[in-house]
Amino acid sequence: MQISDVLRYKGDEVITTTAQTPVRELLRLLAEHRIGALVVVAGETEAAAVSGIVSERDVVRRLHDRGADLLDATVGEIMTSTVIGCTPHDSLDSIATTMTERRVRHMPVLDEGRLVGIVSIGDVVSARMRQLEQDRAQLEQYITG
């Protein structure tokens with residue numbers, strides 16, 4: 001199974017933000033869309049370059065250090081700028097391994113440098129569960145004839 005299969009199942013909508021976005025607005029977007037991370041892009045076009053990723057974990061870690069003043073900071077001050085991404089052609093198994101080894105919960109999906117989706121560890125687990133269920137059904141059908 002490839003990442004493109006995961007995106008076909010879950011959809012390819014990606015909520016993005018910019019480094020200039022206030023953390024207060026970031027929190028609103030995360031809550032409104034019920035997601036754990038946003039891809040940070042430079043610019044507002046479809047071909048905007050990925051410049052980072054910001055997650056709930058980034059907010060919590062900085063909140064401990066800065067307190068309520070963090071709400072007036074910008075995404076650029078708290079985002080992770082070293083982005084670990086993948087392509088639609090990467091295998092689900094390789095992405096699961098990378099996410100586990102690098103302790104990454106969200107990966108932007110880039111196709112020739114263009115952002116085409118995002119996968120979370122939950123998406124990976126869900127896809128693996130579907131795959132296991134299909135395998136089980138095939139084995140059961142093979143055994144029963």
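In the predicted model, Ile53 lies in strand β3. The residue is classed as buried, because its relative accessible area of 11% falls below the cut-off of 20%. Although Ile53 and Pro108 are 55 residues apart along the chain, their C-alpha atoms are separated by 8.4 Å.

Strand β3 belongs to an open sheet of three strands, arranged in the order β1-β2-β3 with mixed pairing. Within this sheet, β1 (16-17) and β3 are the edge strands, each of them pairing on one side only. The contact between β1 and strand β2, the latter spanning residues 37-42, consists of two bridges and is parallel in sense. In this pairing, Thr17 is found opposite Val40 of β2.

A second pairing involves strand β4, which covers residues 106-111, and strand β5, which covers residues 114-120; these two strands run antiparallel and are joined by six bridges. His106 has Ser120, a residue of β5, as its bridge partner. The two strands form a hairpin with two residues between them, and in this hairpin Glu112 adopts a positive phi near 55 degrees.

The largest pocket of the model has a volume of about 420 Å³. Its lining comprises 20 residues, and those nearest the centre of the pocket are Ser55, Arg57, Arg103, Val104 and Arg105. Among the elements that contribute to this lining, β3 (49-55) and α3 (56-66) each provide at least two residues. Helix α3 accounts for the largest share of the lining, with five residues. Strand β3 is thus described both as an edge strand of the open sheet and as a contributor to the lining of the largest pocket.

On the surface, a nonpolar patch is formed by Ile121, Val125, Met129 and Leu132, which together present about 380 Å² of accessible area. Of these patch residues, Leu132 is located in helix α6, a helix that extends over residues 121-144. Leu132 is classed as exposed, because its relative accessible area of 55% lies over the cut-off of 50%. The two residues for which burial is described here therefore fall into opposite classes, with Ile53 of β3 buried at 11% and Leu132 of α6 exposed at 55%.

Terms used
Residues numbered from 1 in each chain as written. Predicted model: local features only at pLDDT ≥ 70, side-chain atom pairs only at ≥ 80, totals over all residues. Heavy atoms only, no water. Pairing = 2+ DSSP bridges. Helix = DSSP H or I, 4+ residues; strand = E, 2+ residues; numbered from the N terminus. Patch = residues over 30% accessible without salt bridge, like charges linked within 9 Å, V, L, I, M, F, W, Y side chains within 5 Å. Areas by Shrake-Rupley, 256 points an atom, 1.4 Å probe, with all protein chains shown as cover. Salt bridge = Lys/Arg side-chain N within 4 Å of Asp/Glu carboxyl O. Buried < 20%, exposed > 50% of the residue type's maximum accessible area, 1.4 Å probe, protein only. 1 Å grid on protein atoms, 1.4 Å probe; cavity = no way out; pocket = protein on both sides within 12 Å on 5 of 7 lines; lining within 4 Å. Points joined across faces, edges and corners; volume = space filled by probe spheres on them.
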